[in-house]
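Trainee: Let's go through this model by question and answer. Please keep it brisk.

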Amino acid sequence: MPRLACPEEPRSTLHVVQRGRARLACFSCAGDRAAYLEALRACAGREGCAIHAYVLMGNHVHLLLTSARAGGAVRLMPAIVARYARHLAAAYGHEEALWEEPHDATPVHARAHLLSCMRYIEENPVRAGLAAHPGAYPWSSYRANALGEESALVTPHPHYYSLGRSPAARRAAYAALFARPGRFQAPHTGYHSP
């Protein structure tokens, strides 16, 4: 059954998943990951998208973002693809399409769902056996959200600010979400980009 196109209203928050074609690796080294994050930072700024959480896995990427304008993810994802493709072409001579089309995008509305989605995204490396704790994986937003590490990419969501009055209180409350037993299930991803 075909998936429904995700409506992208202004100021809506989306969980976006971008997968490598045929589940092949998208990153071969730290330099590739750094190039993707730089592409994400530059393109998000240009397209008016705030990135709240992210993780770069071997063959896919998760993003939690809010766009200031309608259709932000629809413009953002191709811009990232194009910029990252230029990196791959310059570094390796790679010219083939790397990403599946279209990306998955799911609206995230409620506060509890948003915080659960952030946890789901940042725990991905733990579930995949790449790290014992989210803070041990350098290619996610966990260190910015839970440890207060400086990030030119991560913009806290208003629901994140509701976790506490001070930055230290917010970080502690956020980190405590990861100490709770049990695993979050993948948020529903029944939508895709047009």
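Trainee: About how many helical turns separate Glu 123 and Arg 119 in helix α3?

Mentor: Some ground rules come with the answer. This is a predicted model, where local features need pLDDT of at least 70, side-chain atom pairs count only at pLDDT 80 or more, and totals for chains, interfaces and linings use all residues. Residues are numbered from 1 along each chain as its sequence is written, and side-chain values use heavy atoms, with hydrogens and water left out. Glu 123 and Arg 119 are 4 residues apart in helix α3 (helices are DSSP runs of H or I, at least four residues, numbered from the N terminus), so the separation is about one helical turn.

Trainee: How far apart are the closest N and O atoms of Glu 123 and Arg 119?

Mentor: Side chains of opposite charge can pair when their charged atoms come close. Glu 123 and Arg 119 form a salt bridge (a side-chain nitrogen of Lys or Arg within 4 Å of a carboxyl oxygen of Asp or Glu). Their closest N and O atoms are apart by 3.2 Å.

Trainee: Which residue meets Glu 123 in a salt bridge at 3.9 Å, N to O?

Mentor: Look 4 residues away in helix α3, about one turn of the helix. The partner there counts as partly exposed, at 29% relative accessibility (partly exposed lies between buried, under 20%, and exposed, over 50%, with a 1.4 Å probe and protein chains only). Glu 123 counts as buried, at 10%. The residue that meets Glu 123 is Arg 127.

Trainee: In helix α1, which residue forms a salt bridge with Arg 41?

Mentor: Helix α1 covers residues 30–47, and the partner is 3 residues from Arg 41, about one helical turn. Arg 41 is partly exposed, with a relative accessible area of 35%. The partner is partly exposed too, at 32%. With closest N and O atoms 2.5 Å apart, the partner is Glu 38.

Trainee: How many salt bridges does a search of the whole structure find?

Mentor: Some salt bridges link into a network, which holds Arg 46, Glu 47, Arg 69 and Arg 75. The search of the whole structure finds a total of 9.

Trainee: Within what arc do the buried residues of α6 fall?

Mentor: The buried residues of α6 are Arg 170, Tyr 174, Leu 177 and Phe 178. What covers them includes α3 (111–127), α4 (142–147) and α5 (158–161). They line one face of the helix, because, seen down its axis, they fall within an arc (of the directions from the helix axis to the C-beta atoms) of 100°.

Conventions:
Helix = DSSP H or I, 4+ residues; strand = E, 2+ residues; numbered from the N terminus. Contact = heavy atoms within 4.5 Å.
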